[in-house]
Amino acid sequence: MIRAIGYPVAVIIIAANPVVFEIISSYLKTPKALKDRITITRQYSFSFVFGDKRSALNSAKALKEAHQKIKHSVDGTLHSPLEPDLMLWVFAAIYFTSKKMNELLLRNVPFNEKTYQEYRI
């Protein structure tokens, strides 16, 4: 249930950034491409959440390698998904959504050093 509610919320927040939206739109041209991307994202997410540190690091490496190949021009400026501001936007959307889903359905999640350590690799 958390995933069923959480994924669409995270996607909406992520896509609210116009540069992120343009980059995503540049390579997700068909419904099948979007479905495949969601499947891959879910697999990596499970690795981060339920895997050990090694599997999380392997997933992070694979994500970085996949995103290194993506470059897209927005308003004449070439952008990459690996730009710190864009990565922060996506991470913040995922963190916010995860935190809210946990609070809504499970328990309150405080924002403190322990929470930060749990979310970082």
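A nonpolar core, in the sense used this morning, is a set of buried residues of the types Ala, Val, Leu, Ile, Met, Phe, Trp, Tyr and Cys, joined through side-chain atoms within 4.5 Å. I begin with that term because the first part of this presentation rests on it. Please keep in mind throughout that the structure before you is a predicted model.

Let me first give the overall layout. The protein contains 6 helices and 2 strands. Followed along the sequence, these elements occur in the order α-α-α-α-β-β-α-α. The protein has 121 residues, and 23% of them count as buried. Its accessible surface amounts to about 8,700 Å², and carbon and sulfur atoms contribute 64% of that area. As for contacts with a separation of 6 or more, 53% join residues that stand 24 or more positions apart.

I now turn to the core. Which residues form the largest nonpolar core? There are 8 of them, namely Ile14, Val19, Val20, Ile23, Ile70, Val74, Leu86 and Ala93. Two helices, H2 at residues 18–27 and H5 at residues 84–105, each supply at least two residues of this core. The greatest contribution comes from H2, with 3 residues.

The next point is how these two helices meet. In general, a pair of packed helices is described by the angle between the axes and by the distance between them. In our model, the axes of H2 and H5 come within 10 Å, and they cross at roughly 90 degrees. An angle of 65 to 115 degrees counts as roughly perpendicular, and H2 is therefore roughly perpendicular to H5. On the H2 side, the contact is made by Val19, Val20 and Ile23, while H5 brings Leu86, Trp89 and Val90. By class, this contact has 6 nonpolar residues, with no polar and no charged ones.

Met87 also belongs to helix H5. Is this residue buried, partly exposed or exposed? Met87 is partly exposed, because its relative accessible area is 42%, and the partly exposed class lies between 20% and 50%. Although Met87 and Val20 are 67 residues apart along the chain, their C-alpha atoms are separated by 9.2 Å. Setting aside neighbours within four places in sequence, Met87 is in contact with Pro81 and Leu82.

Let us move to the loops, starting with a member of the core. Ile70 sits in the loop between H4 and S1. With a relative accessible area of 15%, Ile70 is buried. Its partner Tyr27 is 43 residues away in sequence, yet the C-alpha to C-alpha distance between Ile70 and Tyr27 is 8.3 Å. Apart from residues up to four places away in sequence, Ile70 touches Ile23, Tyr27, His79, Ser80 and Pro81.

One of those partners, Ser80, lies in the loop between strand S2, residues 77–79, and H5. Ser80 counts as buried because its relative accessibility is 11%, and the limit for that class is under 20%. On the same basis of leaving out residues up to four places away, Ser80 touches Ile23, His67, Ile70, Lys71 and Leu86. Three of these, Ile23, Ile70 and Leu86, appear in the list of core residues.

Val74, another core residue, touches Val19, Glu22 and His79 when residues up to four places away in sequence are not counted. Beside it in sequence is Asp75, found in the loop between strand S1, residues 72–74, and S2. Asp75 counts as exposed, at 80% relative accessibility. What is the phi value of Asp75? It is near 55 degrees, a positive value in a residue other than glycine.

Finally, I would draw your attention to helix H4, which spans residues 53–68. Ala56 is found in this helix, and Ala56 is buried, with a relative accessible area of 7%. Ala56 and Ser45 are 11 residues apart in sequence, and their C-alpha atoms lie 8.8 Å apart in space. Ser59 has its place in H4 as well. Ser59 is buried, its relative accessible area being 7%. Beyond its neighbours within four places in sequence, Ser59 is in contact with Tyr44, Ser47 and Phe48.

To close, I return to the core and the crossing. The largest nonpolar core has 8 residues, H2 gives the most to it, and H2 stands roughly perpendicular to H5. Thank you for your attention.

Notes: Residues are numbered from 1 along each chain as its sequence is written. This is a predicted model: local features need pLDDT of at least 70, side-chain atom pairs count only at pLDDT 80 or more; totals for chains, interfaces and linings use all residues. Side-chain values use heavy atoms; hydrogens and water are left out. Buried means under 20% relative accessible area, exposed over 50%, partly exposed in between (1.4 Å probe, protein chains only). Helices (H or I, at least four residues) and strands (E, at least two) are DSSP runs, numbered from the N terminus. Contact means heavy atoms within 4.5 Å. Axes are lines fitted to C-alpha atoms, for helices over the stretch in contact, and angles run from 0 to 180 degrees between N-to-C directions. Angles under 35 degrees count as roughly parallel, over 145 as roughly antiparallel, 65 to 115 as roughly perpendicular and the rest as oblique. Ala, Val, Leu, Ile, Met, Phe, Trp, Tyr, Cys and Pro count as nonpolar, Asp, Glu, Lys and Arg as charged, and the others, Gly among them, as polar. Accessible areas come from the Shrake-Rupley method with a 1.4 Å probe; for residues, only the protein chains shown count as cover.
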